[in-house]
Amino acid sequence: MAESVALDPVDLHILRLLQNDARTTYRELAAEVGVAPSTCLDRVTRLRRSGVILGHRLALDPARLGRGLQALLSVQVRPHRRELIGPFVERIRALPESRALFHLTGPDDYLVHVAVTDTADLQRLVVDEFTSRREVARVETRLIFQQWDCGPLLPPMPVGAQDH
């Protein structure tokens with residue numbers, strides 16, 4: 001597990017702003033957090049080098065790309081052995097319908113977020129790409145009606161700090 005990085009209030013403010021809009025300029029960030037643009041650039045560079053900032057992503061609307069139906073697929077792999085897991089993960093990550101893949105504990109081994117054109121496309125995906133694989137014992141499908149992004153990810157508050 002990676003070590004956490006010490007972050008001061010300015011770092012946290014920068015991270016909050018960038019998570020809300022990664023296109024914010026250093027000049028805008030600096031003005032918002034009350035530091036010089038060069039200081040802001042140095043801080044963001046340090047946050048990147050330390051691995052706190054992993055990259056920038058472009059958010060796309062799947063429906064506007066012709067993938068208006070999203071689902072979560074709970075997948076059970078049997079036997080759950082390393083020599084089967086690697087190729088399974090590679091194949092699922094390579095599918096254009098796959099949005100995210102999670103390795104889990106519990107009765108299901110994987111949770112796959114997919115975006116497809118319609119229910120017929122979802123059925124094709126499940127049958128042709130999941131249940132046709134020898135190692136896939138079970139797939140359970142849940143349609144996503146609506147999705148919300150949540151607030152920025154920040155480190156946990158120190159114990160007792162919430163009370164102040």
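## Exercises on a predicted model

Glu135 touches Gln76, Val77, Arg78, Leu84 and Phe88, leaving out residues up to four places away in sequence. The model is predicted.

**Exercise 1. Place Glu135 in the fold, and decide whether Glu135 is buried or exposed.**

Step 1. Find the element. Glu135 sits in the loop between helix 5 and strand 4.

Step 2. Check the accessible area. The relative accessible area of Glu135 is 8%. The cut-off for buried is under 20%. Glu135 is therefore buried.

Step 3. Look for a polar partner. The side chain of Glu135 makes a polar contact with the side chain of Arg133, at 2.7 Å.

**Exercise 2. Work out the strand order of the open sheet, and find which strands stand at its edges.**

Step 1. Take the pairs of strand 1 (residues 69–77). Strand 1 pairs with strand 3 (residues 110–116) in the antiparallel sense, over seven bridges. Strand 1 also pairs with strand 4 (residues 136–144), again antiparallel, over eight bridges.

Step 2. Pin these pairs to residues. Leu72 stands opposite His113 in strand 3. In strand 4, Ile144 is the bridge partner of Gln70, and Thr141 is the bridge partner of Leu73.

Step 3. Write the order. The four strands run 2-3-1-4 in an open sheet, with antiparallel pairing.

Step 4. Read off the edges. Strand 2 (98–103) and strand 4 each have a single partner strand, so one side of each has no neighbour in the sheet.

Step 5. Add the twist. On average, neighbouring strands of this sheet are turned by 20 degrees against each other, direction ignored.

**Exercise 3. Describe the surroundings of strand 1, using Ala71 as the example.**

Step 1. Start with the whole strand. Eight of the nine residues of strand 1 are buried, so strand 1 is mostly covered.

Step 2. Find what lies across strand 1. Helix 5 (residues 119–131) lies across strand 1, strand 3 and strand 4. Helix 5 runs at about 160 degrees to strand 4.

Step 3. Zoom in on Ala71, which is found in strand 1. Its relative accessible area is 0%, so Ala71 is buried.

Step 4. List the contacts. Neighbours within four places in sequence aside, Ala71 is in contact with Val112, His113, Val114, Leu122, Thr141, Arg142, Leu143 and Ile144.

Step 5. Compare sequence with space. Ala71 and Asp42 are 29 residues apart in sequence, and their C-alpha atoms are 41 Å apart.

**Exercise 4. Classify the packing of helix 1 and helix 3, and sort the residues of their contact.**

Step 1. Take the geometry. Helix 1 and helix 3 (residues 37–49) pack at an angle of about 80 degrees, and their axes are 11 Å apart.

Step 2. Apply the cut-off. Angles of 65 to 115 degrees count as roughly perpendicular. Helix 1 and helix 3 are therefore roughly perpendicular to each other.

Step 3. Name the residues. Helix 1 brings Val10, Asp11, Ile14, Leu15 and Leu18. Helix 3 brings Cys40, Arg43, Val44, Arg46 and Leu47.

Step 4. Sort them. Seven are nonpolar, none is polar and three are charged.

**Exercise 5. Find where Thr24 lies and what its side chain reaches.**

Step 1. Locate Thr24. Thr24 is in the loop between helix 1 (9–20) and helix 2 (26–33).

Step 2. Follow the side chain. The side chain of Thr24 reaches the backbone oxygen of Asp21 at 2.7 Å.

Step 3. Add the contacts. Not counting residues up to four places away in sequence, Thr24 touches Leu17, Leu18 and Leu29.

Definitions and conventions. Residues numbered from 1 in each chain as written. Predicted model: local features only at pLDDT ≥ 70, side-chain atom pairs only at ≥ 80, totals over all residues. Heavy atoms only, no water. Helix = DSSP H or I, 4+ residues; strand = E, 2+ residues; numbered from the N terminus. Polar contact = N/O pair within 3.5 Å; in protein donor to acceptor, adjacent residues only side chain to side chain. Contact = heavy atoms within 4.5 Å. Axes fitted to C-alpha atoms, helices over the stretch in contact; angles between N-to-C directions. Parallel < 35°, antiparallel > 145°, perpendicular 65-115°, else oblique. Nonpolar A, V, L, I, M, F, W, Y, C, P; charged D, E, K, R; others polar. Buried < 20%, exposed > 50% of the residue type's maximum accessible area, 1.4 Å probe, protein only. Pairing = 2+ DSSP bridges.
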